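Here are my notes on the model you sent over. Please read them with the structure open.

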Amino acid sequence: MAARDRDLERLIPIQNPDININNIITNGGSNSSSESVSPIISSHHSSSEEAMSKVIRSWASKKFMSGCVILLPMAITFCITWWFISFVDGFFSPIYAHFGVNIFGLGFVTSISFIFLIGVFMSSWLGASVLGLGEWFIKKMPFVSYIYSASKQISAAISPDQSSNAFKEVAIIRHPRHGEYAFGFITSIVILRGSMGAEELCCVYVPTNHLYLGDIFLISSKDILRPNLSVREGIGESSVVHTNIQ
């Protein structure tokens, strides 16, 4: 029996000196095995929890960003629309408030109706005469006349009256260098007469800041690409291109 105990003492490593060898012998080494295995199990369990936590955080962050991508355009559209309605409603709502009528949107409806009636009136002979008289006064003002002329040209470009369109046709030209193209609008056509004969040139307006500022180029009709787009569609495409660039 004593020889057996000595053999066990040699075989079983004792890490903690406070552990009684007799308990180890009596329990058949079960305590020592449990103490050596339990750190491995706890370490594996903690690593599994950490991996699961990372997966959950990654999933939650992706879903949150997806929600932001979906809701952000809606929120911007709603805010701009609400601001526009409130802005237009503010023209006539003070008049209704003076009479004790406080209904949101009533000023907006009145403003839209007023603009419609102005369009109907100005389409008549009397309205055109009044407009011509007003333009005559505005053109006599030094600084205001330039602002009005530029604004009128932009308005004429999108006017439903095709006879007064400043932009005749959508064009694509090679600009600013070979291999690059730019949207433009044909405003007029001129004939250049030289020693080699007459050549047809197109005045092409190329916007550089949405539609308000731009450059005018004289380009041969042979060098112009004409896409199948209306003037309004061309204005929309030009605005999208400049918005993406900025």
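The points below go from the overall fold to the nonpolar cores.

1. Status. This is a predicted model. Please keep that in mind for every value below.

2. Secondary structure. The chain holds 7 helices and 4 strands. Their order from the N terminus is α-α-α-α-α-α-β-β-β-β-α. The run of four strands thus sits between six helices and a final one.

3. Burial and surface. The chain has 246 residues, and 17% of them are buried. Its accessible surface is about 18,700 Å². Carbon and sulfur atoms account for 66% of that surface.

4. Contact range. Take the contacts between residues at least 6 apart in sequence: 32% of these join residues at least 24 apart.

5. Main core. Which residues form the largest nonpolar core? There are 9: A171, I173, A182, I186, C202, V204, V206, I219 and I224. β1 (169-174), β2 (181-194) and β3 (197-209) each give two or more residues to this core. β3 gives the most, with 3 residues. As a general point, nonpolar side chains in soluble globular proteins tend to be buried together.

6. V204. This member of the largest core is worth selecting in your viewer. Leaving aside residues up to four places away in sequence, V204 touches I173, I186, I219 and I224, among others. Those four belong to the largest core as well. The contacts of V204 also include G184, F185, D215, I216 and F217.

7. Second core. Another core, of 6 residues, lies apart from the largest one. Its members include F167, F185, Y205 and V231. One of them, F185, is also a contact of V204.

Definitions and conventions
Residues are numbered from 1 along each chain as its sequence is written. This is a predicted model: local features need pLDDT of at least 70, side-chain atom pairs count only at pLDDT 80 or more; totals for chains, interfaces and linings use all residues. Side-chain values use heavy atoms; hydrogens and water are left out. Buried means under 20% relative accessible area, exposed over 50%, partly exposed in between (1.4 Å probe, protein chains only). Contact means heavy atoms within 4.5 Å. Accessible areas come from the Shrake-Rupley method with a 1.4 Å probe; for residues, only the protein chains shown count as cover. A nonpolar core is a set of buried Ala, Val, Leu, Ile, Met, Phe, Trp, Tyr and Cys residues joined through side-chain atoms within 4.5 Å.
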